[in-house]
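Colleague: I have a bit of time before my next run, so could you take me through this one? I'd like to start with the surface and then go on to whatever else you think is worth a look.

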Amino acid sequence: MDQKHQEDLSHIRSMMERSSRFISLSGLSGVFAGLFALAGSIYAYQLFKNNGIEYFDGRQKMYSYDLIIELVFIALAILVLALGSGIFFTLKKSKKFDLPVWTNTTKKMLLNLAIPLFVGGVFCMALLYHQLFALIAPVTLLFYGLALINAGKYTFSDIRYLGVGEIILGCISLFYLGFGLVFWAIGFGILHILYGIIVFKKYK
Amino acid sequence: MGIIDKLNKDFESRVRLGIMSVLMVNDWIDFTEMKSLLNITDGNLASHSSSLEKSGYIEVKKEFVGKKPKTSYRVTNGGRTAFVSHLNSLEKLIKSK
């Protein structure tokens, strides 16, 4: 009898969790997103070098139009790869645990993630338009962090710590303009990998 | 055995317990989503949800989305109170052992 009551309680707990949080998010997608971001940063650094720009010399730099277009394409390619691996590992995990993916909770989480990201995206396009390139890296980190905190209500709360990390990094980078690539590599690369490993171990 | 009497017979089945748990932390949930969350068959969900409705614990809404009928569930205030007191007696039972 006691056994049954214990099982009832754990059943209740798991049904509440399953239905109100998006728990198919895999830590592996964080690790892969981070690896893609690091690879992209190294590629961008090489690209600067090939264009005769020494990134760490501390001097004000002038970027050609072609170079900026190429950098934007690298960033978009990383985004697509990171999102793709996120979706891939999520579907894999949900199959493994027999969890429904496209639920109300998923939709709510995506909406909460998308609103700050969309505003951040428009903000960055405005910065590109006004040629305020140095501010782009801090702004992407800040809005991404806000988006994660916002979405944290509907998934593992650990994602909020990642969001806080991104925001702190974004705030610091506001005062070290011109080192956007370094902050990007830390924020989108190293923080993602750390987060991914922690979550993967915790919810395996 | 005073405490045992307080356990709600309506929540004895796992399926009903599951339906109530899901509805406690969500607003309207439709039939298909509930079915996949609980991993049960159509008939199973239909019979348990209608008995919960009869007891006044949940509210059922039927509407048409395009040409498809859609059924959604929501917990009532009475259902919320009943479920919380069921949870409390479950907890007490386990603690008293």
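Modeller: Gladly, and please keep in mind throughout that this is a predicted model. On the surface, a patch of positive charge is formed where A:Lys92, A:Lys96, A:Lys201 and A:Lys204 gather.

Colleague: Where does A:Lys92 sit, and is A:Lys92 buried or exposed?

Modeller: A:Lys92 belongs to helix 3 of chain A, which covers residues 65-96. With a relative accessibility of 49%, A:Lys92 counts as partly exposed, because the label exposed is kept for values over 50%.

Colleague: And what about greasy surface, which residues make the nonpolar patch?

Modeller: That patch covers about 800 Å² and is made by A:Tyr65, A:Ile69, A:Val72, A:Phe73, A:Leu76, A:Leu79, A:Leu83 and A:Leu128.

Colleague: Which helix gives the most to it?

Modeller: Helix 3 of chain A does, with seven residues in the nonpolar patch. One of the residues in that helix is A:Ile69, which counts as partly exposed at 35% relative accessibility.

Colleague: Switching to salt bridges, how many are there over all chains?

Modeller: The count comes to seven over all chains. One of them joins the side chains of A:Glu7 and B:Arg14, with 3.7 Å from N to O, and this pair crosses between chains, running from helix 1 of chain A (residues 2-20), where A:Glu7 lies, to helix 2 of chain B (residues 14-24), where B:Arg14 lies.

Colleague: Are those two buried or exposed?

Modeller: Neither label fits, since A:Glu7 counts as partly exposed at 36% relative accessibility, and B:Arg14 counts as partly exposed at 32%.

Colleague: What about A:Asp158, which side chain does it meet in a salt bridge?

Modeller: A:Asp158 meets A:Lys202, with 2.8 Å from N to O. A:Asp158 lies in helix 6 of chain A (residues 158-173) and A:Lys202 in helix 7 of chain A (residues 180-202), so the pair ties together parts that are 44 residues apart in sequence. As for their surroundings, A:Asp158 counts as buried at 9% relative accessibility, whereas A:Lys202 is exposed, with a relative accessible area of 52%.

Colleague: Which pair would you pick in chain B?

Modeller: I would pick B:Lys35 and B:Asp42, whose side chains meet in a salt bridge at 2.8 Å, N to O. B:Lys35 counts as partly exposed at 25% relative accessibility, and B:Asp42 is also partly exposed, with a relative accessible area of 41%. To return to the pair across the chains, salt bridges that share partners join A:Lys4, A:Glu7, A:Asp8 and B:Arg14 into one network.

Colleague: OK, new topic: what is the strand order in the sheet of chain B?

Modeller: The order is 1-3-2, in an open sheet of three strands with antiparallel pairing. The edge strands, each of which pairs on one side only, are strand 1 (29-30) and strand 2 of chain B.

Colleague: How many bridges join strand 1 to strand 3 there?

Modeller: Two bridges join those strands of chain B, which run antiparallel, and B:Ile29 stands opposite B:Tyr73 in strand 3 of chain B. Strand 2 (residues 58-65) and strand 3 (residues 68-75) of chain B also pair in the antiparallel sense, over eight bridges, and B:Glu59 stands opposite B:Arg74 in strand 3.

Colleague: And which residue takes a positive phi in the hairpin of strands 2 and 3?

Modeller: B:Gly66 does, with a phi near 70 degrees, in a hairpin that has two residues between the strands.

Colleague: Which residues have a positive phi without being a glycine?

Modeller: Among them are A:Gln131, with a phi of about 60 degrees, and B:Asn39, likewise at about 60 degrees. A:Gln131 is found in the loop between helix 4 and helix 5 (136-151) of chain A and is exposed, with a relative accessible area of 59%. B:Asn39 is found in the loop between helix 3 (31-38) and helix 4 (42-54) of chain B and is partly exposed at 47%.

Colleague: Last one, where is A:Trp102, and is A:Trp102 buried or exposed?

Modeller: A:Trp102 is placed in the loop between helix 3 and helix 4 (104-129) of chain A, and at 59% relative accessibility A:Trp102 counts as exposed. A:Trp102 and A:Phe22 are 80 residues apart in sequence, while their C-alpha atoms are 9.6 Å apart in space.

Technical notes. Residues are numbered from 1 along each chain as its sequence is written. Chains are lettered from A and ligands numbered from 1 in the order in which they are written. Side-chain values use heavy atoms; hydrogens and water are left out. Patches are made of residues with over 30% relative accessible area and no salt bridge: like charges are joined within 9 Å, nonpolar side chains (Val, Leu, Ile, Met, Phe, Trp, Tyr) within 5 Å. Accessible areas come from the Shrake-Rupley method with a 1.4 Å probe; for residues, only the protein chains shown count as cover. A salt bridge is a side-chain nitrogen of Lys or Arg within 4 Å of a carboxyl oxygen of Asp or Glu. Lys and Arg count as positive and Asp and Glu as negative; His and the chain ends are not counted. The place of a charge is taken as NZ of Lys, CZ of Arg, CG of Asp or CD of Glu. Helices (H or I, at least four residues) and strands (E, at least two) are DSSP runs, numbered from the N terminus. Buried means under 20% relative accessible area, exposed over 50%, partly exposed in between (1.4 Å probe, protein chains only). Two strands pair if DSSP finds at least two bridges between them.
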